[in-house]
Amino acid sequence: MDLAQKQQIADRIAAEIKSTRTQISELEELTKPIPLDGTVGRISRMEAINNKSVNEHLLAKTKARLVKLESSRSFIEKEDYGNCRACKQPIPLGRLMMLPETDKCVECA
């Protein structure tokens, strides 16, 4: 992988980190406790609790992705960056651009 490709991926990682942090902030708002007031009906409250649960799961996955993105950003300067962790073959640039946090090729993933 040449320097221009690494820079292209680094730019993509930076953009994804920024986007992911924004998404985390939004999800943290959506996962705040649901107030016990009389303005929400029983069915609406059940739907709100269900939505909160779904958003909590998404928040956990998004935080895990942020950790992977930050890890990828720290490893991009290494000589073997862009090689599959399992088979050591180069990961196609298109895959790295789509999933900049990946460390495996399609076959090994």
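Let's start with E101: its side chain makes a polar contact with the side chain of R65, at 3.0 Å. Keep in mind as we go that this is a predicted model. Where is E101? It sits in the segment after α3, which covers residues 93-98. Leaving out residues up to four places away in sequence, E101 touches R65, K68, L69 and S72. And is E101 buried or exposed? It counts as buried, because its relative accessibility is 16% and the cut-off for buried is under 20%.

Now let's widen the view. Side chains of opposite charge can pair when their charged atoms come close. How many salt bridges are there here? The count comes to eight. R12, E16, R65 and E101 are linked in a network of salt bridges, so our first residue has company.

Within that network, E16 pairs with R12, with the closest N and O atoms 2.9 Å apart. Both lie in helix α1, residues 3-30, and they are four residues apart, about one turn of the helix. E16 is buried at 12% relative accessible area, while R12 is partly exposed at 27%.

Helix α2 has a similar spacing to show you: E56 and K52 both lie there, four residues apart, about one turn of the helix. Their side chains meet in a salt bridge of 2.5 Å, N to O. E56 is partly exposed at 36%, and K52 counts as buried at 19%.

Last, look at R21 and E70, whose side chains form a salt bridge at 2.5 Å, N to O. R21 is in helix α1 and E70 in helix α2 (residues 42-75), so this pair ties together parts that are 49 residues apart in sequence.

Notes:
Residues numbered from 1 in each chain as written. Predicted model: local features only at pLDDT ≥ 70, side-chain atom pairs only at ≥ 80, totals over all residues. Heavy atoms only, no water. Helix = DSSP H or I, 4+ residues; strand = E, 2+ residues; numbered from the N terminus. Buried < 20%, exposed > 50% of the residue type's maximum accessible area, 1.4 Å probe, protein only. Polar contact = N/O pair within 3.5 Å; in protein donor to acceptor, adjacent residues only side chain to side chain. Contact = heavy atoms within 4.5 Å. Salt bridge = Lys/Arg side-chain N within 4 Å of Asp/Glu carboxyl O.
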